[in-house]
Amino acid sequence: MKKISILGSTGSIGTQTLDVVAMHPDSFEVDGLAAGSNTALLLEQVRRFKPRRVSVASKELADDIRTQLPAGVELYSGDEGLVQIAAGGDADYVVTAVMGSVGLRSTLAAIEAGRDIGLANKETLVTAGHLVTEQVRRKGVKLLPIDSEHSAIFQCLNGESREDIASITLTASGGSFRDLTREQLRNVTVEDALRHPNWAMGAKITIDSATMVNKGLEVIEAHWLFDLPYEQIEVLLHPESIIHSFVEFRDSSIIAQLGNPDMRVPIQYALTYPERWHSPAQRLSLAQAGRLTFREMDFARYPALKLAIECGKTGGTATTAFNAANEVAVARFLRREISFLRIEEILEEVLGRHPVQSHPSLEQIEECDRTVRALAKSL
Ligand SMILES: NC(=O)C1=CN([C@@H]2O[C@H](COP(=O)(O)OP(=O)(O)OC[C@H]3O[C@@H](n4cnc5c(N)ncnc54)[C@H](OP(=O)(O)O)[C@@H]3O)[C@@H](O)[C@H]2O)C=CC1
Ligand SMILES: CC(=O)[C@@H](O)[C@H](O)COP(=O)(O)O
Ligand SMILES: [Mn+2]
């Protein structure tokens with residue numbers, strides 16, 4: 001029986017993780033659940049999965065639900081609450097599925113507590129990849145990718161030697177606006193941007209997919225997860241999202257991982273690795289798919305992807321700043337304060353002004369995150 005805790009249990013990845021847990025009730029037990037503000041859904045999850053410990057985003061929300069929790073369930077709140085769910089109790093495994101760099105301290109706390117991590121929260125690695133990977137090595141825990149592209153690469157690399165890798169390629173759907181020119185992006189709405197062609201996901205990552213920031217974050221995530229230089233990480237447009245990513249080896253062989261777009265598959269693999277269990281995901285029929293198509297990435301069409309990769313190559317706090325500016329810009333777009341194209345402009349402006357620090361400590365990372373957020377809000 002594996003005891004798991006989920007940070008962000010009420011979100012897209014969190015609820016699908018609980019779907020996987022529900023499919024294998026004799027193999028998984030839920031120790032802790034951390035939500036943001038969706039207390040109605042959290043209470044439903046508590047009744048169904050019977051965690052011993054829960055957390056919500058604020059003390060006020062905790063006060064709202066205190067009397068509705070079964071006796072004995074420990075209740076926490078705020079950032080400290082996330083850390084409690086990540087590192088307290090007796091879970092063996094923590095799924096990090098909160099959105100944004102708010103997940104950093106709790107992920108580090110879970111690793112410090114010796115827990116294996118199922119990582120969906122890519123912003124954590126983008127913000128402080130050097131700290132997270134160093135701590136993973138020091139504590140000897142497993143860091144298993146949930147992000148579909150990284151799960152694909154992880155599966156393709158199973159049993160292979162690092163020296164044999166020529167390159168890895170992350171596939172990109174192109175997002176909601178893949179058929180629009182930059183000129184046509186001027187007047188797009190939040191509703192348009194939230195219509196992802198292939199995946200049903202949380203709002204922030206759906207916008208990131210439309211700006212191609214998501215692929216930029218994923219390149220940086222891949223750099224840390226697979227310990228590869230940026231020169232060996234490629235991006236390719238693949239509108240069908242059937243090939244989730246692939247690896248080319250030095251003998252010119254390519255190994256790819258394919259499947260219908262369904263996050264329950266990589267989530268389950270991260271939970272059951274190295275085993276593979278039955279999944280209800282719809283089987284892929286290549287005959288029915290008929291044709292898979294590919295296009296070279298157009299960096300002029302997607303300047304935020306170019307900027308993200310430049311930040312990755314610069315290193316230090318450049319990626320921290322990129323991520324913080326993006327989180328603020330996307331939140332402002334979702335609140336309809338700025339236009340879609342303004343997201344990219346804010347990224348350019350913030351990075352143009354950011355004094356990069358090399359080898360930042362956790363405190364320096366957090367300071368950078370705060371400063372950049374304030375700047376991005378003011379622009
Ligand atoms: N969705 C997907 O298919 C994929 C997502 N990812 C990554 O997974 C992560 C989660 O994405 P997704 O599930 O789509 O996002 P959602 O917005 O759907 O969910 C985010 C979760 O985080 C919780 N949360 C937000 N702020 C806080 C906070 N301050 N304290 C505690 N909990 C908080 C939310 O709680 P509440 O709703 O209760 O407020 C919710 O449970 C992101 O990093 C994303 O990039 C990666 C690959 C695919
Ligand atoms: C499901 C998943 O992993 C997302 O990160 C997905 O990849 C988004 O799709 P695109 O960024 O390719 O549009
Ligand atoms: Mn992805």
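Reader: Which helix supplies the largest share of the shell around ligand 1?
Author: That's α1, with three residues. Helices here are DSSP runs of H or I with at least four residues, strands are runs of E with at least two, and both are numbered from the N terminus. α1 (12-23), α6 (122-139) and α9 (203-211) each supply at least two residues of this shell.

Reader: Before we go on, what kind of model is this?
Author: It's a predicted model, where local features need pLDDT of at least 70 and side-chain atom pairs count only at pLDDT 80 or more, while totals for chains, interfaces and linings use all residues. Residues are numbered from 1 along each chain as its sequence is written, and chains are lettered from A and ligands numbered from 1 in the order in which they are written.

Reader: What makes a residue part of the surroundings of a ligand?
Author: Its C-beta atom, placed from the backbone, has to lie within 6 Å of the molecule. For ligand 1, 29 residues surround it, and the closest are Gly8, Gly11, Gly36, Asn38 and Gly202.

Reader: How do you know that ligand 1 lies between domain 1 and domain 2?
Author: Domain 1 (2-145) and domain 2 (163-260 + 297-314) both give residues to its shell, so ligand 1 lies between them. The bounds come from an automatic or database domain assignment.

Reader: How many residues of the shell around ligand 1 are nonpolar, polar and charged?
Author: There are 14 nonpolar, eleven polar and four charged ones. Ala, Val, Leu, Ile, Met, Phe, Trp, Tyr, Cys and Pro count as nonpolar, Asp, Glu, Lys and Arg as charged, and the others, Gly among them, as polar. Around ligand 2, the split is four nonpolar, five polar and three charged. The residues around ligand 2 include Asp147, Trp199 and Lys215.

Reader: Why is helix α11 called largely enclosed?
Author: Seven of its nine residues (264-272) are buried, so the rest of the structure largely encloses α11. Buried means that 20 or more other C-beta atoms lie within 10 Å of a residue's own; 12 or fewer makes it exposed, anything in between partly exposed, and C-beta atoms are placed from the backbone. Among the buried ones in α11 are Val265, Gln268 and Tyr269. Their cover includes α1, β6 (116-119), β7 (143-145) and α7 (148-156).

Reader: What makes a set of residues a nonpolar core?
Author: They're buried Ala, Val, Leu, Ile, Met, Phe, Trp, Tyr and Cys residues, joined through C-beta atoms within 7 Å. The largest one here has 100 residues, and Leu7, Ala308, Ala325, Ala329 and Leu347 touch the most other members. Helix α14 (318-334) gives the most to this core, nine residues. Both domains contribute too, so the core lies between them.

Reader: Which residues is Leu347 in contact with?
Author: Leaving aside neighbours within four places in sequence, Leu347 is in contact with Ala304, Leu307, Phe322, Ala325, Asn326 and Ala329. Contact means that two C-beta atoms, placed from the backbone, lie within 7 Å. Between the domains, ten residues of domain 1 are in contact with ten of domain 2. On the domain 1 side, α6 gives the most, with six residues.

Reader: Why is the protein called as compact as a globular protein of that length?
Author: Its radius of gyration is 20 Å, close to the 21 Å that the globule rule gives for 379 residues, so it is as compact as a globular protein of that length. The radius is taken over C-alpha atoms, and the rule is 2.2 Å times the number of residues to the power 0.38. Also, 46% of the 379 residues count as buried.
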